[in-house]
Amino acid sequence: QDLRQVTKDLQAIVKKLESRIAALEVSGGSPKKVEQPISKKAEKGETGDDDDDDFDLFSDGDDEEAEAEKEKIRQERLDTYYAKKSNKAVVIAKSNVILDVKPWGDDTDMVAMEKAVRSIEMDGLRWGSAKLVPVGYGIKKLTISTIVEDEKVSIEELSDLIQEFEDYVQSVDVAAFNKL
């Protein structure tokens with residue numbers, strides 16, 4: 001018995017909704033009169049005053065002023081955010097690079113080779129410490145560190161510039177590459 005009654009109530013609700021949809025389609029989507037939403041109690045056949053029934057989702061209320069106020073507050077917050085963001089110092093991406101510069105042989109003047117390598121000057125390039133590391137058979141390689149600004153200095157380009165000293169340099173390898 002209860003199941004049949006609930007089924008009839010649901011069918012009645014569906015018919016009401018279909019008629020509302022048809023009315024909305026005829027009026028072009030702007031409802032003239034909007035019925036209150038159906039609550040769970042009404043679906044079950046219960047009656048009584050419920051505060052949730054007073055909320056109308058489709059109302060054309062005077063929310064324009066509230067929306068304008070919300071938009072104004074939102075815009076102020078965005079302006080404040082962008083002002084703070086623009087005041088921050090720009091972080092410059094830097095890298096610590098250790099290069100192994102290998103000579104042609106044991107008779108290569110390593111001091112002259114280091115001077116030649118350090119003579120390369122570029123914006124965003126700062127040379128660090130250098131040391132001679134034995135490779136074998138009396139041959140030593142120059143291990144030199146440098147700090148580069150990633151956007152201004154290309155390591156590949158720097159290696160090519162070092163290799164242009166053909167009298168001293170056989171090859172250049174990147175021994176370490178660390179972001180700072």
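Let's start with confidence: the mean pLDDT of the protein is 81, and 78% of its residues reach 70 or more. That matters here since what you're looking at is a predicted model. Broken down by element, the bottom spot goes to helix α2, residues 40-43, with a mean pLDDT of 51. At the other end, strand β1, residues 94-103, has the highest mean among the elements, at 94. Where pLDDT is low, the coordinates shouldn't be read in detail. So keep that in mind as you pass through the chain.

Now for the layout. You'll find five helices and four strands in the protein. Walk along from the N terminus and the order is α-α-α-β-α-β-β-α-β. As for how the chain meets itself, take the contacts with a separation of 6 or more: 67% of them are between residues 24 or more positions apart.

What about the inside and the outside? Of the 180 residues in the protein, 21% are buried. The protein exposes about 14200 Å², and carbon and sulfur atoms supply 51% of that area.

One residue deserves a stop of its own: Y137. You can pick Y137 out in the loop between β2 (125-136) and β3 (139-149). Its phi is near 55°, which is a positive value in a residue other than glycine. Is Y137 buried or exposed? With a relative accessible area of 84%, Y137 counts as exposed, because the cut-off for that label is over 50%.

Terms used:
Residues are numbered from 1 along each chain as its sequence is written. This is a predicted model: local features need pLDDT of at least 70, side-chain atom pairs count only at pLDDT 80 or more; totals for chains, interfaces and linings use all residues. Side-chain values use heavy atoms; hydrogens and water are left out. Helices (H or I, at least four residues) and strands (E, at least two) are DSSP runs, numbered from the N terminus. Buried means under 20% relative accessible area, exposed over 50%, partly exposed in between (1.4 Å probe, protein chains only). Contact means heavy atoms within 4.5 Å. Accessible areas come from the Shrake-Rupley method with a 1.4 Å probe; for residues, only the protein chains shown count as cover. pLDDT is the predictor's confidence in each residue, from 0 to 100.
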